[in-house]
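User: Please take a close look at one part of this model, the aromatic contacts, and then set them in the context of the whole chain. Short sentences will do.

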Amino acid sequence: MAEAIQQLVLDTLDKEGEIKDTRTLVLPGYKEPAATHDSQIIILGALNSLSSRDMITYTTHETVSHVLTQEGAQIALQGSHEARVWAACPAKGEGSPIPPKQLQEKVGAETAKVGQGQAFKNKWIGKEGDGLVKLVDSITDTTQLQMREVDSTGALKVGEKALADLRKRKLIAQRKGQWFNVRKGSNFSTSTAKPETDLTVDMLTSGSWKTSTYKKYNFEADGIPPNGGALHPLLKVREEIRNIFLEMGFAEMPTSSFVESGFWCFDALFVPQQHPAREVQDTFYLSDPAVSLPPPKDYYERVSKVHEHGGYGSTGYRAPWSDEESRKLLLRTHTTASSASILYKLAARCRGEEDDSEDVIKREGAHASSTVPGAGKAGPDGFRPAKLFSIDRVFRNETMDATHLAEFHQVEGVVADKNLTLADLIGFMRVFFKKMGIENIRFKPAYNPYTEPSLEIFAFHPQLKKWVEVGNSGMFRPEMLEPMGFPKDVHVHGWGISLERPTMIRYGINNIRTLVGHKVSLESVERSPAVRF
């Protein structure tokens, strides 16, 4: 069909020199000229194909016509509502007036409702008693005649006012159309043979390439967009939070040790060895290897002593100490295990040892300068303040559902200085969350084995219109800090939030399994906007 229409256009141009109006063409298989909108769309396809080969040029002319709606088509076939109401009524004096209820049964409720008003307005019918009768012997159904005229010509001879009235009554709808004026192009020919688009081996061998015509290269055509890489929403939010920490003068802690011992993950934090979090229902333990290398001997002994017998102002847990429990290898349940290790190294000068914490940070690839950002010079007791953070994966033996995974990310911050108070912690958290765009926050007392006092952090979610928990915080206990060697007046703030929860809120995700895992849509990753707290 497409090639036949192209040939029709070329033959007509060859014969007449110009096609002034494509609505005069008679398409193959049709007897009437192509005056309809659909016919012109078919012709346009043929014109575009010929124009791309410079065989023709054409100009477009816009038209406005009207088509019948479903109701208008019914009127054109059966007559207007008012005409059907008039036809259903008896002539005056020749029968009993027809009651409105009987009229509805005869012509339909919608026709009776619409037609009565118009028939009364035209003075075709009148009321006699409780019924209706004809007032005239004959009528001219103008509406039906107009519908038939619009159906055949797309317009009305009486003008725009009548058309506007019919559009208002929703009997017709306006439709824009187009027709074309066509002239010969620079490469005009009556042959529709398509030019070659590729130079093949066969053409080179046979020599046919010398006489072949080739399609002009379109330098203006858009190329196929390259599929580049895209950052996952978690990585975008991670980078924003990381920038907030760096802006506030923090150093990034090394957190590459996914496998930790029970000592660094629990014991060093003053978590009792009988705590439920250490059960296999909550923690993944390794079977091979199952036992860690020993921690520093003196420090290990101080930690075991404060657990079993107390010390540093504490009575301890008064429970038997198990070396086996302390040496078990596990997938870390929080990045605080790494924080404890770095804090122990920071306390080296306080113990009279060499401080290699900065070397550890730089060696393991975390962000740091020659001095830890925000850290002061060491005092007489060897202590120097520090601000540290980490963002990395942790593992818990959770039942997976819409909001929980066995593997997720923890954002953690630590501030160590002398004479810090709970008010300092609250003030710092307000500034930190404000930079994330969360200003309406509350704090609630809570319990953590290694912080006292402890606070849960809640923020008001404007979409959910309720308070949601966004983090946990507290001040590390003396039973954790003093065995490391820190002076009594050194206090450490610690807090943590998940990375997944703010990401889900930011991107409107209600199921964590569509954010992480095999159900993640690669298309949504590519199209997700950059986040800005």
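The request and a connected reply follow.

User: Which residues form one aromatic cluster, and in which helix and which strand do Phe428 and Trp495 lie?

Analyst: This is a predicted model. The cluster has these members: Phe245, Phe250, Phe389, Phe428, Phe432, Phe433 and Trp495. Across the structure, there are 22 aromatic pairs. One of them joins Phe428 and Trp495. Their ring centres are 4.9 Å apart, and the planes meet at 55 degrees. The pair is classed as tilted. Edge-to-face would need an angle over 60 degrees, and stacked one under 30.

Now place the two rings. Phe428 belongs to helix H16, residues 422–435. Trp495 belongs to strand E14, residues 490–498. The two parts are 67 residues apart in sequence, so the pair ties them together. Both partners are covered. Phe428 is buried at 16% relative accessible area. Trp495 is buried too, at 4%. The cut-off for buried is under 20%.

Rings also meet charges in this model. The charged end of Lys134 sits over the ring of Trp86, 4.2 Å from the ring centre. Lys328 takes up a place over the face of Tyr285. Here the distance to the ring centre is 5.3 Å.

Next, a helix and a single residue under cover. Helix H14 covers residues 336–346, and ten of its eleven residues are buried. Among them are Thr336, Ile342, Leu343, Tyr344 and Leu346. Ala337, Ser338, Ser339, Ala340 and Ser341 are buried as well. Ile241 sits in helix H10, residues 233–247. Its relative accessibility is 0%, so Ile241 counts as buried. The C-alpha atoms of Ile241 and Thr514 lie 22 Å from each other. Along the chain these two residues are 273 positions apart.

Some loop residues deserve a stop. Arg477 lies in the loop between strand E13 (466–476) and helix H17 (478–481). Despite the loop position, Arg477 counts as buried, at 18% relative accessibility. Beyond its neighbours within four places in sequence, Arg477 contacts Phe270, Pro449, Tyr450, Thr451 and Glu452. Glu452 also takes part in a cis peptide bond, to Pro453, with omega near 0 degrees. Pro453 is in strand E12, residues 451–461. Another cis peptide bond links Asp288 to Pro289, with omega about -5 degrees. Pro289 is a loop residue, between helix H11 (262–265) and helix H12 (297–308).

Asp54 sits in the loop between helix H2 (37–51) and strand E2 (56–68). It is not a glycine, yet its phi is positive, about 60 degrees. Asp54 is partly exposed, with 23% relative accessibility. Leaving out residues up to four places away in sequence, Asp54 touches Gly185, Ser186, Asn187, Phe188 and Lys216. The C-alpha atoms of Asp54 and Lys184 are 8.6 Å apart. In sequence, 130 residues separate Asp54 and Lys184. Lys170 is another non-glycine residue with a positive phi of about 60 degrees. Its loop runs between helix H8 (160–168) and strand E5 (172–184). Lys170 counts as exposed, at 63% relative accessibility.

Now the chain as a whole. There are 19 helices and 14 strands. The C-alpha trace spans about 115 × 95 × 45 Å along its principal axes. The radius of gyration is 42 Å, whereas a compact globule of 533 residues would have one near 24 Å. Of the 533 residues, 43% count as buried. The chain exposes about 29500 Å², with carbon and sulfur atoms supplying 51% of that area. Among contacts with a separation of 6 or more, 68% come from residues 24 or more positions apart.

Last, confidence. The mean pLDDT of the chain is 85. For 93% of the residues the pLDDT is 70 or more. Residues 364–375 fall below 50. That stretch has 33 contacts in the model beyond near neighbours in sequence.

Key
Residues are numbered from 1 along each chain as its sequence is written. This is a predicted model: local features need pLDDT of at least 70, side-chain atom pairs count only at pLDDT 80 or more; totals for chains, interfaces and linings use all residues. Side-chain values use heavy atoms; hydrogens and water are left out. Rings of Phe, Tyr and Trp (its six-membered ring) pair if their centres lie within 6.5 Å; planes under 30 degrees apart count as stacked, over 60 as edge-to-face and the rest as tilted. Helices (H or I, at least four residues) and strands (E, at least two) are DSSP runs, numbered from the N terminus. Buried means under 20% relative accessible area, exposed over 50%, partly exposed in between (1.4 Å probe, protein chains only). A charge sits over a ring if NZ of Lys or CZ of Arg is within 6 Å of the ring centre and within 35 degrees of the ring normal. pLDDT is the predictor's confidence in each residue, from 0 to 100. Contact means heavy atoms within 4.5 Å. The radius of gyration is taken over C-alpha atoms; the globule rule is 2.2 Å times the number of residues to the power 0.38. Accessible areas come from the Shrake-Rupley method with a 1.4 Å probe; for residues, only the protein chains shown count as cover.
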